[in-house]
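Welcome! Please take a look at the sequence and the 3D structure shown here, and then walk through the notes that follow.

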Amino acid sequence: MLRFIFHVAIVLFLTLLTQIGGIAYLIALAISRLWAVRRFWLRAALFLFVYVGLTFATGLIAPIFGRVSLPCLASDANKLVVRSPIYCAFNRNYVTPQVGELAYALAEEMDKEFPGTTTVALDANFPFLSGFPLLPHLTHADGRKIDFAYYYKDADGSFLDGVTRSPIGYFAFEQPAASDEQRCKGRNDWLTGRWDLKAIQPLFPDYRLEEQRMVAAIHWLTTEGVTRFAVEKIFLEPHLTNKLGITDDHVRFQGCRAARHDDHLHVQVQ
């Protein structure tokens with residue numbers, strides 16, 4: 001009974017983490033029993049082999065279900081890239097074709113306006129099944145949402161192409177000044193995804209926002225993005241909205257129970 005519960009827990013964990021990991025685990029488990037594989041490292045290798053195969057197959061099958069993958073590697077011809085191979089390995093880089101076209105168009109526009117600029121995508125969606133949660137996000141469940149990393153510069157003001165403060169692009173927050181608008185200040189919600197993660201903030205490099213590129217990207221999203229790709233919402237913390245001089249109604253505050261959005265840009269289409 002304990003062994004059964006153990007296997008169920010692993011299947012649930014891998015499914016929530018990668019969507020297809022639970023299936024890969026069950027296939028590997030069945031093969032290991034059929035072939036009487038006992039050694040742990042052989043079972044682990046078998047699981048990885050099956051998982052890689054399913055991941056490759058997913059990239060071919062997902063378009064049938066209305067999802068396409070974003071690129072894991074940048075190139076001279078393509079200035080859009082997912083921040084880390086981890087996102088691709090965990091199948092978190094899938095979007096609807098509409099959102100995929102938007103991401104490529106944004107990257108092309110940014111490279112055109114600021115030559116040599118790479119646009120970095122973060123979490124998008126899983127490849128299958130609308131409504132399947134992409135934890136810890138609350139809304140990335142239908143292929144219509146995508147997060148973009150901020151554009152950064154170093155202390156000398158030099159642009160850092162394809163670089164983020166955090167290794168995964170998240171959780172390195174732009175802290176508001178005491179005089180900045182802070183709508184959630186003083187709240188103590190017990191059920192919330194708004195984590196400040198104060199303990200790890202000193203670990204991130206002291207890069208600053210590259211404001212020209214940030215403003216240009218948001219301006220494109222709220223103009224061309226709206227008319228061509230039906231951009232519906234962009235989430236950004238109020239203190240950054242004010243700092244960057246953003247006034248468009250498509251740029252909104254996500255609320256105090258959702259994750260902070262002063263470390264990444266959340267974009268969703270209709």
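With a relative accessibility of 55%, Phe4 is over the 50% cut-off and therefore counts as exposed. This residue sits in helix H1, which covers residues 2-18. Keep in mind that you are looking at a predicted model.

**On the surface**
- Phe4 has company: together with Met1, Leu2, Ile5, Val8 and Leu12, Phe4 makes a nonpolar surface patch of about 690 Å².

**Inside the protein**
- Now turn to the interior, where the largest nonpolar core has 44 residues.
- Which residues have the most contacts inside this core? They are Leu70, Ile146 and Phe148.
- Helix H5, made of residues 97-113, gives the most to this core, with 7 residues.
- There is also a second, separate core of 14 residues, and Ala24, Leu46, Tyr51 and Ala62 are among them.
- Leu70 is a good residue to click on: leaving aside neighbours within four places in sequence, Leu70 is in contact with Leu80, Val82, Asn93, Val95, Gly100, Ala103, Ala121, Ala124 and Ile146.

**A closer look at helix H5**
- Two of those contacts of Leu70, Gly100 and Ala103, are also on the list of buried residues of H5.
- The full list of buried residues in H5 is Val99, Gly100, Leu102, Ala103, Ala105, Leu106, Ala107 and Met110.
- A general point helps when you read such a list: an α-helix has 3.6 residues a turn, so residues three or four places apart point the same way.
- You can check the length of H5 too: at 1.5 Å a residue, its 17 residues should span 24 Å, and the end C-alpha atoms are indeed 24 Å apart, so the two values agree.

**Backbone details in the loops**
- The peptide bond from Leu135 to Pro136 is cis, with omega near 5°.
- Where is Pro136 found? Look in the loop between strand E4 (119-121) and strand E5 (145-149).
- Gln19 is not a glycine, yet its phi is positive, near 70°.
- You will find Gln19 in the loop between H1 and helix H2 (21-34).
- Is Gln19 buried or exposed? Gln19 counts as buried because its relative accessibility is 8%, and the cut-off for buried is under 20%.
- Ala230 is another residue that has a positive phi without being a glycine, with a value of about 60°.
- The loop that holds Ala230 runs between helix H7 (224-229) and strand E9 (231-235).
- Ala230 has 22% relative accessibility, so this residue counts as partly exposed.

How values were computed
Residues are numbered from 1 along each chain as its sequence is written. This is a predicted model: local features need pLDDT of at least 70, side-chain atom pairs count only at pLDDT 80 or more; totals for chains, interfaces and linings use all residues. Side-chain values use heavy atoms; hydrogens and water are left out. A nonpolar core is a set of buried Ala, Val, Leu, Ile, Met, Phe, Trp, Tyr and Cys residues joined through side-chain atoms within 4.5 Å. Buried means under 20% relative accessible area, exposed over 50%, partly exposed in between (1.4 Å probe, protein chains only). Helices (H or I, at least four residues) and strands (E, at least two) are DSSP runs, numbered from the N terminus. Contact means heavy atoms within 4.5 Å. The expected span of a helix is 1.5 Å times one less than its number of residues. Patches are made of residues with over 30% relative accessible area and no salt bridge: like charges are joined within 9 Å, nonpolar side chains (Val, Leu, Ile, Met, Phe, Trp, Tyr) within 5 Å. Accessible areas come from the Shrake-Rupley method with a 1.4 Å probe; for residues, only the protein chains shown count as cover. A salt bridge is a side-chain nitrogen of Lys or Arg within 4 Å of a carboxyl oxygen of Asp or Glu.
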